[in-house]
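I am opening a notebook on a structure that is new to me, and I will write down what I look up as I go. I begin with one turn and then follow the strands and the charged side chains.

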Amino acid sequence: MKNRYEMILQKSPIAYANHKIVLDENNIPCDYIFLEVNEAFEKMTGLKKENVIGKKVTQVIPNIKEDDFDWIKFYGEVALNKSEKEITSYSKILNRYYKIVTFSQEKEYFTTLFLDVTKETIISNRYEILFKNNIDAIVYFDKNNIVVDVNETFLKMFKYKKEECIGKNLDELVIIKEKRDEGKKNTINLFKEGTLDISAIRYTKELEPIYVDIRGMIVRQSDQIIGGYAIYTDVTETVHYQKQIESTNEELEATICQLTANEEELRAQYDEIQEYLEKNEELKQKYEIAIRATGSFVWEIDKNFKLTHHISQDIKNILGIDIASESIYEIINQIVLPRDRKKLIEEFKKNEKSFKNEINTQIRVKDIQGNIRWYLVKGKKITDRLGNFKTINGVLVEITDMKQKEEHIRYLAEHDSLTGIYNRRKFRQVLKEAINKNKQGTILLLDLDNFKNINDTLGHLYGDKILRKIVETLKALNLKDAQLFRVGGDEFVIHISKDDIHEIKLYARNILKIFREKIKVEDMEQPITASIGIVRYPLDGKDIDDLFKKADIAMYKAKFSGKNKYLLFNEEMKIEFNEKINIENILRKAIKEEKLLIKYQPVVDVDTGKTIYFEALLRLENINISPAVFIPTAEESEIIIQIGKWVIAEVAGQIKKWKEKGLPVKPVAINISPKQFSDSKFIKYLVQTIKQNEIDPSLIELEITENVLLENKQETIERLNAIKKLGIKIALDDFGTGYSSLNYLTYMPIDKIKMDKSLKDKFIELDKIQIIDSMISIAHGLGLKVVAEGVEELEEYKRLKKGKCDYMQGYFFSKPVGKEEAEKILDYDYKSF
């Protein structure tokens with residue numbers, strides 16, 4: 001399957017490339033590396049695969065940063081935010097216009113599809129040039145016949161300035177008052193029929209008459225008229241010339257009657273006619289060349305619906321029929337696919353009966369080799385001077401290549417690039433359609449347990465193979481009325497178009513059953529389990545985001561209650577869900593109304609007895625909700641990033657005020673959540689805030705938890721080193737609550753550990769304080785300071801001091817206090833203890 005997938009990518013007509021973003025010391029994108037490209041990419045860019053794979057773009061294209069478009073910044077935003085973007089841009093280096101679709105489902109890695117739209121863009125530019133520089137006067141008006149734009153020829157012909165035209169009624173500009181009723185009728189007819197082709201007299205600004213041929217056409221968008229074009233060809237001289245010819249003809253008739261024709265005059269007339277015929281033949285040849293160059297076929301159908309004329313005979317070789325001898329209906333039945341026949345025939349009939357102004361549709365035909373080809377059919381009815389139906393003329397343009405590209409892009413937009421199944425975007429579309437049709441259904445959100453360990457130990461490439469194997473295994477279940485989607489790294493959704501509780505539970509048990517057997521990839525068996533959260537609609541709601549959040553809540557309940565199980569979202573979870581929503585609203589209101597509050601708790605140096613620094617603790621002003629409740633909720637809802645920024649700014653501002661008062665300023669420790677730490681803009685904001693408040697970076701200390709260390713170890717280490725390089729100290733908070741805390745101490749760039757109160761209390765209660773002594777000794781051996789949290793009793797203080805704990809914090813010394821009270825204990829001495 002992998003080979004087939006790679007072959008499809010390599011042979012795809014769309015240029016495709018995989019990259020990895022390179023970050024500088026401040027975690028800002030500065031380059032990116034080519035991981036994979038296909039043949040279409042080589043053909044489009046002229047860059048050979050062997051010369052780019054594994055290399056940075058600045059090595060492959062040294063002057064990339066001189067381009068008008070900042071590619072590195074654009075790709076960096078996509079890769080770091082795991083997002084998707086689509087733009088059309090011009091590359092000065094490659095001298096091409098590109099439509100670019102870029103998406104990322106794994107941080108720092110992204111995929112780009114390049115569509116060369118140079119030809120389309122040039123055509124668009126040419127259209128603009130034709131409008132501006134056309135020798136005919138052209139005006140574009142809206143659906144109310146109000147002028148929107150005119151070209152230079154219009155201004156010269158009617159002697160107006162552009163500002164005198166824009167916003168004015170077109171008829172009032174070029175028709176004298178006495179004849180505007182006739183002009184209004186023509187305008188109404190144009191909007192009714194869609195086209196207009198007349199000869200008339202129009203007037204300049206100075207009311208000078210001009211004989212013009214007027215061609216009008218309506219512009220539609222989504223079957224709605226939005227305006228139209230009017231093209232004026234000045235035929236004044238032609239009319240005068242025609243009148244002269246008519247006068248000449250009268251004289252000629254008189255001359256013929258008098259038999260006084262002159263042989264030389266007859267010869268001159270003959271030569272003039274011959275010259276006209278030669279020019280007509282020349283124009284015909286140019287017309288044929290233009291049609292062949294565009295790969296189009298011109299057709300003409302008479303009033304009996306017989307095909308009477310076509311420019312290119314190549315159509316016979318492609319379709320394998322003698323089109324000149326058959327009716328259009330016979331041809332349609334032979335070559336057009338059944339599902340498109342009725343549509344095309346209706347187009348012809350509506351055009352014939354004037355129900356429709358033109359034929360414009362897309363059809364599929366079968367060629368002589370049995371291949372399916374797409375064609376655009378455009379045509380229009382031609383009438384004689386009396387308005388009687390004469391012929392239908394049009395063109396047939398092959399659009400097979402365009403359709404194939406559209407289909408491929410549509411596939412990429414709806415499918416997961418790794419596994420080939422539908423993605424999150426398609427899931428939302430399917431769910432939205434089902435809900436809008438008032439259908440009943442069920443969503444199973446499946447998350448693999450501890451899958452990160454596989455990526456960390458065996459690598460992401462092996463992890464990708466595991467994911468593909470899991471998809472293959474889930475597909476093999478052949479679940480009835482079910483669709484499988486990949487919505488995240490190791491998250492899948494199974495959408496079932498029914499909500500029978502007994503069947504749903506059976507589905508879930510069957511899914512978990514396959515995970516009890518080890519997944520085997522490359523002769524290695526992996527024990528993988530999964531947790532499943534289940535919601536039903538409309539029972540649990542009709543909003544897509546709410547349903548997904550509820551499924552997420554049920555899934556995490558299953559995960560935290562032992563994993564390898566499923567849970568249905570229930571009333572108890574609804575209450576919890578509503579409580580979280582209520583807390584989220586309270587937090588948003590507190591941010592908006594500035595009801596957040598910082599309390600400062602001193603951390604005491606055991607040797608000197610003095611406050612060595614403070615820890616900043618977040619509270620809600622006049623709202624009785626514990627931080628243990630509202631902080632996890634903020635973490636889940638992304639509000640934590642906004643709150644975290646406020647805390648950093650508040651603490652930095654308070655340090656600045658203490659400094660300005662001449663007080664003995666002490667550092668302040670700030671708790672940083674995992675989401676805040678992983679935010680790509682975190683370090684930049686931290687540096688910016690410190691500079692704005694003109695404080696020493698050493699006065700800021702960051703406290704992180706083991707959860708920060710669980711994700712992207714290498715990236716975490718790089719980010720921690722960047723922070724320490726600024727002069728900011730880092731402490732590992734809640735030490736002892738994780739399963740591998742001591743392991744982190746050996747390689748993580750931290751300055752101190754904060755011993756969790758629960759760990760301290762546990763060993764004191766079990767009378768095993770010597771274990772804490774050993775932990776302190778190990779930390780000192782690694783060059784780390786140790787802080788004991790939650791010290792409340794004198795005996796705790798004495799015993800921890802005996803064990804050489806460096807710093808202590810707790811109610812034994814001081815509860816968290818406001819900024820005014822904190823000023824009083826900036827240099828307080830606790831030696832009496």
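**Entry 1: two hairpins**

I looked first at the hairpin of β13 and β14, where 5 residues lie between the strands and glycine 370 takes a positive phi near 90°. I note at once that this is a predicted model, and I read every value below as computed from it. Strand β13 covers residues 358-366 and strand β14 residues 372-383, and I found them running antiparallel, joined by 9 bridges. Where the two strands face each other, I saw lysine 366 standing opposite isoleucine 372 in β14.

I then followed β14 onward to strand β15 (residues 389-398), to which β14 is joined by 9 bridges, again in antiparallel fashion. One facing pair that I noted here is lysine 380 and asparagine 393, the latter in β15. β14 and β15 also form a hairpin with 5 residues between them, and in that turn I found glycine 387 with a positive phi of about 85°.

**Entry 2: an open sheet**

Next I traced an open sheet of 6 strands, which I wrote down in the order β16-β18-β19-β17-β22-β23, with mixed pairing. Its edge strands are β16 (422-423) and β23 (566-568), each of which pairs on one side only. Within the sheet I looked up β17 (residues 441-449) and β19 (residues 491-496), which run antiparallel and are joined by 6 bridges. Isoleucine 443 has histidine 495 in β19 as its bridge partner.

**Entry 3: salt bridges**

How many salt bridges does a search of the whole structure find? The search gives 33, and I looked up several of them one at a time.

The side chains of glutamate 414 and lysine 426 meet in a salt bridge, with 3.7 Å from N to O. Glutamate 414 belongs to helix α16 (residues 400-414) and lysine 426 to helix α17 (residues 424-436), so this pair ties together parts that are 12 residues apart in sequence. I checked both for burial, and glutamate 414 and lysine 426 are each buried.

A second salt bridge joins the side chains of lysine 580 and glutamate 576, at 3.8 Å from N to O. Both residues lie in helix α22 (residues 571-592), 4 residues apart, which is about one turn of the helix. Lysine 580 is buried because its relative accessible area is 18%, under the 20% cut-off, whereas glutamate 576, with 22%, is partly exposed.

In a third salt bridge, lysine 752 and glutamate 701 have their closest N and O atoms 3.0 Å apart. This pair links distant parts of the chain, with lysine 752 in strand β29 (residues 752-755) and glutamate 701 in strand β27 (residues 700-704), 51 residues apart. Are these two buried or exposed? Lysine 752 is buried, with a relative accessible area of 5%, and glutamate 701 is buried as well, with 3%.

I also recorded a network of salt bridges that links Glu615, Glu703, Lys754 and Glu789.

**Entry 4: a positive patch**

Last, I turned to the surface, where Lys73, Lys645, Lys681 and Lys684 form a positive patch. From this group I followed up lysine 73, which is found in helix α5 (residues 71-81). Its relative accessibility is 51%, and lysine 73 therefore counts as exposed, the cut-off for that word being over 50%.

Definitions and conventions:
Residues numbered from 1 in each chain as written. Predicted model: local features only at pLDDT ≥ 70, side-chain atom pairs only at ≥ 80, totals over all residues. Heavy atoms only, no water. Patch = residues over 30% accessible without salt bridge, like charges linked within 9 Å, V, L, I, M, F, W, Y side chains within 5 Å. Areas by Shrake-Rupley, 256 points an atom, 1.4 Å probe, with all protein chains shown as cover. Salt bridge = Lys/Arg side-chain N within 4 Å of Asp/Glu carboxyl O. Lys, Arg positive; Asp, Glu negative; His and termini not counted. Charge placed at Lys NZ, Arg CZ, Asp CG, Glu CD. Buried < 20%, exposed > 50% of the residue type's maximum accessible area, 1.4 Å probe, protein only. Pairing = 2+ DSSP bridges.
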